[in-house]
Amino acid sequence: MSFFTNLLQKNNLIKHDGRALWKYFLNDNDYAKLASELNYTEIKFIDPRDVTLFYTQWWKKKYDGGKPSKQIVFDALKGNIHYKVDCEEFYKLAIKGAQMLGVKWIKKQYTLYFRTLLLQGGLPLGHIAQNQGYYQSFLLAVLEEQPETIEDFIFKPEIVALLPKTSQNDLIYENCFEIVRSILNDEIDYDELLTSDDVIKSISNELKIRKKTLEKKQRLSRPKNYWLMDFDNEKTTIFLKIGLADSYDTESLESILGIIINQREYQFFLNDDLICVFRKMANGKYKTDWYAQQSIEWDQENTLPYTYVIQNNEKVDVKDFIQTIPNFDTPTLWEKFSDTEWRLIKGSIAPNKEASLLFPNHWKSDLPHVTISVYENQMSWLGFEGVIEITDNSQTNKYQSGIGSFNWTIESCKPSWMLKANMTVVNNIPRIFAYDENDNLVPREKFKVWIRRHKSAEMWQELSKLNYFSIGCIDLKIEKDGLTAYDIFFNIANFSIKYEDSSIDHATLQLKNREAFEFTLDESSILEIESYNDIYKLKVNTQFSKIPTYISGNIGHRNHKKLYFELESPFKGMIVTDKDGNIVPETQTLSISNLYGIRILSSPNVETIIRIKNSLKTDVKITKEIKEASQPLIAFKDEIVRLYYLADAMNYKNKVTIELIEGKTTKTYEVSGFSHTLNVESQHENIVRLYSSTDTLNLYAVPLNCDSKNIELIPLLNNDESYIIPVTEFTNEFIIISSKEKESQLMPRFITTDVNLVGVDKNQRIELYHSQLIDGTFNDEIWKKVVAYFNICTKHDLPFSTFDELRAISRSSEVAARAYLFLGINNENPDDFIQKFIPEMEQDLGFCFHWIKKIDWLNSLEELTSFYGEQYKDNIEQLFSSYMENIGLFDVCLFLKNINYKNVKIDHREISDIRANLGQRILGELPIHSPKITKDYGIPIEQHSQVKLLLRSPIAVAEAIMDIQNNLPLWAGNDFRDTIRRNIQYSQYLNPEFYNKTILHALKNN
């Protein structure tokens, strides 16, 4: 029996109940016993959950400063395990254990597995106890800052310096940030932890007392992105960190993106990779949903990353989001960030006392320095404090550390044809903005700006007094409060590039207003270039079946610093390419889990249409015009997922068809829901394999037809190219799933190890579960199973239709009402439940919770309140009202309470406007079948028969809420009834505002 199994018994638990692992409160003897068992147990018998637990307890009890690593954690074990596995294998076991336990991974710009494992241990109590004074001062200073992200305080040396030097790393910052945020928001998540130790309790009390005296701090939201150089690995690496908050109000998001915010959703891209989506919540704020799959390592290009958002299928550049990049051609200043990490500083002044210079070897200094290798470049590295100078022939650069600094922005005017550049681009006299060390905008009269041609002997000229402005590379000097900062930018004036013609394999470009600039475009193995005068002819070598994703070039004066840029690829044609520019053939099946880097190219001056539909259920189609010459396919992921769920997600034949249409030409691509499927030919021998794949995935068996206490992930043993299903005493039926890792995920598959099993018809089984859900109480096994399977789906990104117990929820209004409230009150994060899990469940199962009858809502609210107690009444009612508010139907709450609400009318003009906005293409593709209704409620349906689906659907929903559709119910029924439900959902998707308004109109005018 494993340590974790014994731990469960010690806590009177049948299985892990989802608590954070620090809540098991292991003592020192427990830790020693856990370490001993790991040291001397055969690897094949180690419970991965024990390894996960060891990570958490090492952090809590043994961390003693410095930057933690997988090797340091592993080295804390001193026994025989070092002869059996290495730190990487031990780490993979810890990840597997966390997946078995359903641990929610921390996601920022990528999934932070290592950080999650440690922070499941709560606070490093041992380390804090030894450094109580340091931590108390630090946490109080962070509390005063009232941070929204860790970047709000980690760049303030006066705050960071309050910690011991060995504690100055991002894990400690993140840990302390979570504690401070919980106190600022009056959350109780960490209360038990903060009172578990006398030292922590003392610090916590001080924080809570100080919090009462704080006034709300107003903060200017600006992008907080930075480059880190990490010396911790075998090779030195440089990563980009994107500092975005968990949520923003409208004004703050406008400040971050530099655009007017008035839509419900903004997809944020960096170099065509989807980083996150800002989604509007019921409270009016925008939540940051991270999509990136991996860390952003510097690609060693000398150009600033390209950032943009997609809103309403249109691309909008986000300018000045990242304003500096590493550069091996010139000296760069770095300040200490942690034991092994250094942060790139813009300019020549570092706030941190400890700073270093990275510079090419032809620059000289009298001070001792070392030579280091960074991406195979031999560079000089010189650490310093105070003031330092380095020279290169006649040029001398001065750098300072440990003094207050300021930031600035040169407003970019980069033209649309230029994707990236190695410095800020302007087209005349630039606008300069300065910010103090607290990120507050400095009034223009409080600083001065000077310019001159780059590296010239000219006198500095004050920008505000200039009548003439030079073109080319320009040096910039900013003076504020006795401090001086330097920067450069490039003025292209009226220079532009015009695309004369383009196709998939050739293009012609014409330069305009080149003046004295020299201009060069770079050839490659797949690109040939001919030029004469200012005309450039580009030809793609088609034998490689590859299209350049961009064209590199440079412009500038001879013998002067050039502007290096990436030109937007001029090659246009209706094709799909992968992240490397390879043309994706129509025969290649794509996967929802692997859409990253795939782009749609369209032909110039031709309308390009994308039509998305389910290959098994083709009634519902989503058609959009592609308005950009190059569009990431992942921008349509929500639509692809929506249509994938029209058919059974567990059917391997279920695929989404994407048609690209230009005139009479159509190209068709298929997208599967999953990257891998399971070969079950040997299931009765307890063996399964991946179908036609040599990949290695972490597979798990989820037990079926057993007590709820046994429902947890059981890892399958990987044996070369097969997987062994463990024998259990309580069931021989399972759903096999995989962890979702980067771009791979297995389609869930039912298997049985019993050769004599006689199955029950699926529909009969769902009806049986539905009957149990109606007749049972919330203490019954069936309801415990519903919660268990729901949690597995949400934590492992599985379709809810994987489990028939969840499918049964959609069979009646009564069960749906009970399920919504019961699942909601048992979910740890109400926002995720309402804004993420419930919409996904509705799409998957093909119904909506707002269709529930008024009487069923009222009965379920009363039943849940009776079951949990009056003290939970407000929480239960909040679940209901927050859901309705999130979808724009808060007035339905008033209807349920018999409270009057404002009347809304539907007239001819509004319906005509909707028809016009949809356009003939979408109108011609609307599904034929619409729900039956008892009357039209004064809405002119017959006069607008072309959009009768959009008119009847919300009326049918209103009648379902009022329970006056007894002979025409929306619930249960056959496949045709399912089609009707899906069509109603489609009408809501097409125009949610009109859909909601019509529901309220019908309810009001019944």
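In this predicted model, the side chains of Glu-712 and Arg-49 meet in a salt bridge, with 3.7 Å from N to O. Glu-712 sits in the loop between β45 and β46 (714-715), while Arg-49 belongs to helix α3 (residues 48-62), so the pair ties together parts that are 663 residues apart in sequence. The two partners are covered to unlike degrees: Glu-712 counts as partly exposed because its relative accessibility is 25%, whereas Arg-49, at 9%, counts as buried.

Stay with the charged side chains for a moment. Side chains of opposite charge can pair when their charged atoms come close. How many salt bridges does the structure hold? The count is 54, and a few of them are worth a visit.

One is the pair of Glu-341 and Lys-67, whose closest N and O atoms are 3.1 Å apart. Glu-341 is part of strand β13 (residues 341-345) and Lys-67 is in the loop between α3 and α4 (70-75), so this salt bridge ties together parts that are 274 residues apart in sequence. Are these two residues buried or exposed? Glu-341 has a relative accessibility of 5% and therefore counts as buried. Lys-67 counts as buried too, at 18%, because the limit for that class is under 20%.

Next comes Lys-70, which forms a salt bridge with Glu-88, the closest N and O atoms being 3.2 Å apart. Lys-70 is in helix α4 and Glu-88 in helix α5 (residues 87-101), so to speak 18 residues apart along the chain. Lys-70 is partly exposed at 25% relative accessibility, and Glu-88 is partly exposed as well, with a relative accessible area of 32%. Elsewhere, salt bridges with shared partners connect Asp-648, Lys-762, Arg-765, Asp-804 and Arg-807 into one network.

Now let us turn to the backbone. Most residues other than glycine have a negative phi, and most peptide bonds are trans. Asp-272 has a positive phi of about 70° although it is not a glycine. You will find Asp-272 in the loop between β6 (265-270) and β7 (273-280), where it counts as partly exposed at 22% relative accessibility. Ser-692 also has a positive phi, near 50°, and it is likewise a residue other than glycine. Its place is the loop between β44 (687-690) and β45 (699-703). With a relative accessibility of 69%, Ser-692 counts as exposed.

Another loop serine is Ser-503, found between β28 (496-502) and β29 (506-512). What does the side chain of Ser-503 make a polar contact with? The partner is the side chain of His-506, at 2.8 Å. Setting aside neighbours within four places in sequence, Ser-503 is in contact with Phe-571 and Lys-572. Ser-503 counts as buried, because its relative accessibility is 18% and the class covers values under 20%.

What about the cysteines? A disulfide is a covalent bond between the sulfur atoms of two cysteines. Searching the whole structure turns up 0 disulfides. Cys-706, for instance, is in no disulfide: the nearest cysteine sulfur, that of Cys-793, is 15 Å away. That distance can be set against the 2.5 Å within which a pair of sulfur atoms must lie to count as a disulfide. Cys-706 is buried, with a relative accessible area of 6%, and Cys-276 counts as buried at 0% relative accessibility.

The last stop is helix α25 (residues 975-990). This helix has 16 residues and reaches 23 Å from its first C-alpha to its last, close to the 22 Å expected at 1.5 Å a residue. At the start of α25, a side-chain oxygen of Asn-974 comes to within 3.1 Å of the backbone nitrogen of Phe-976.

Is α25 mostly covered or mostly open? It is mostly covered, as 12 of its 16 residues are buried. Among them are Thr-979, Ile-980, Ile-984, Tyr-986 and Leu-990, and the charged residues Asp-978, Arg-981 and Arg-982 are also buried. The elements that the buried residues of α25 pack against are β39 (621-626), α14 (637-644), α19 (830-845), α23 (908-925), α24 (948-962) and α26 (992-1004).

Key. Residues are numbered from 1 along each chain as its sequence is written. This is a predicted model: local features need pLDDT of at least 70, side-chain atom pairs count only at pLDDT 80 or more; totals for chains, interfaces and linings use all residues. Side-chain values use heavy atoms; hydrogens and water are left out. Buried means under 20% relative accessible area, exposed over 50%, partly exposed in between (1.4 Å probe, protein chains only). Helices (H or I, at least four residues) and strands (E, at least two) are DSSP runs, numbered from the N terminus. A salt bridge is a side-chain nitrogen of Lys or Arg within 4 Å of a carboxyl oxygen of Asp or Glu. A polar contact is a pair of N or O atoms within 3.5 Å; within protein, one must be able to donate a hydrogen and the other to accept it, and residues adjacent in sequence count only if both atoms are side-chain atoms. Contact means heavy atoms within 4.5 Å. The expected span of a helix is 1.5 Å times one less than its number of residues.
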